[in-house]
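Got a minute to look over a model together? Here it comes, followed by some quick questions and answers.

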Amino acid sequence: MSTKGSSKLPYLIVAGLGAIGGALSVLLARKESREYIREHGAKGLEYLSHTSAKLRERTEGLVGKGRELMSGCCATTDTTGESATHAEHGDKPEIH
C-alpha cells in the first residue's frame with residue numbers, strides 16, 4: 001500500500017541532488033571566472049606597463065630638448081630674483 005508521502009520521496013531526493021549539483025556548478029563557474037579575469041587583468045597590466053615604458057623612452061629625448069631650448073631663451077633664477085627685489089622696492093630694473 002502506497003501513501004501520498006512515500007510517492008513524493010523520489011521527487012524530493014532528485015530535487016535535492018539537483019540543488020546540490022547546481023550549487024557546485026555555480027561555485028566552480030565562479031572560480032573559473034575569477035581565474036579568467038585575473039589572467040586577462042594581468043595581461044592588460046603588462047601591456048600597459050610595456051607601452052608606457054616605450055612612450056617614456058620616446059618622450060625622454062623630446063623633454064630634454066625642450067628643456068635646453070627653454071633654458072636658452074628664458075631668464076635664470078638669479079635674474080628673476082633680482083627683478084622681484086627691484087619690484088618690491090619700487091625700483092625700475094636696468095635694461096641692457
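Q: What percentage of the 96 residues in the protein chain is buried?
A: Keep in mind that this is a predicted model. To count as buried, a residue has to come in under 20% relative accessible area. For this chain of 96 residues, the buried share is 0%.

Q: How many helices and strands does the protein chain have?
A: Helix α1 covers residues 4-73. As for the whole chain, strands number zero, and the helix count is two.

Q: Is Leu9 buried, partly exposed or exposed?
A: Leu9 sits in helix α1, and it joins Leu12, Ile13, Leu17, Ile20, Leu24 and Leu27 in a nonpolar surface patch of about 720 Å². Its relative accessibility is 46%. Exposed would take over 50% and buried under 20%, so Leu9 is partly exposed.

Q: Which residues gather with Arg38 in a patch of positive charge on the surface?
A: Arg38 belongs to helix α1 too. Its relative accessible area is 58%, so Arg38 counts as exposed. The residues that share its positive patch are Arg30, Lys31 and Arg34.

Q: How much of the accessible surface belongs to carbon and sulfur atoms?
A: The protein chain has about 9200 Å² of accessible surface in total. The part belonging to carbon and sulfur atoms is 63%.

Key. Residues are numbered from 1 along each chain as its sequence is written. This is a predicted model: local features need pLDDT of at least 70, side-chain atom pairs count only at pLDDT 80 or more; totals for chains, interfaces and linings use all residues. Side-chain values use heavy atoms; hydrogens and water are left out. Patches are made of residues with over 30% relative accessible area and no salt bridge: like charges are joined within 9 Å, nonpolar side chains (Val, Leu, Ile, Met, Phe, Trp, Tyr) within 5 Å. Accessible areas come from the Shrake-Rupley method with a 1.4 Å probe; for residues, only the protein chains shown count as cover. A salt bridge is a side-chain nitrogen of Lys or Arg within 4 Å of a carboxyl oxygen of Asp or Glu. Lys and Arg count as positive and Asp and Glu as negative; His and the chain ends are not counted. The place of a charge is taken as NZ of Lys, CZ of Arg, CG of Asp or CD of Glu. Helices (H or I, at least four residues) and strands (E, at least two) are DSSP runs, numbered from the N terminus. Buried means under 20% relative accessible area, exposed over 50%, partly exposed in between (1.4 Å probe, protein chains only).
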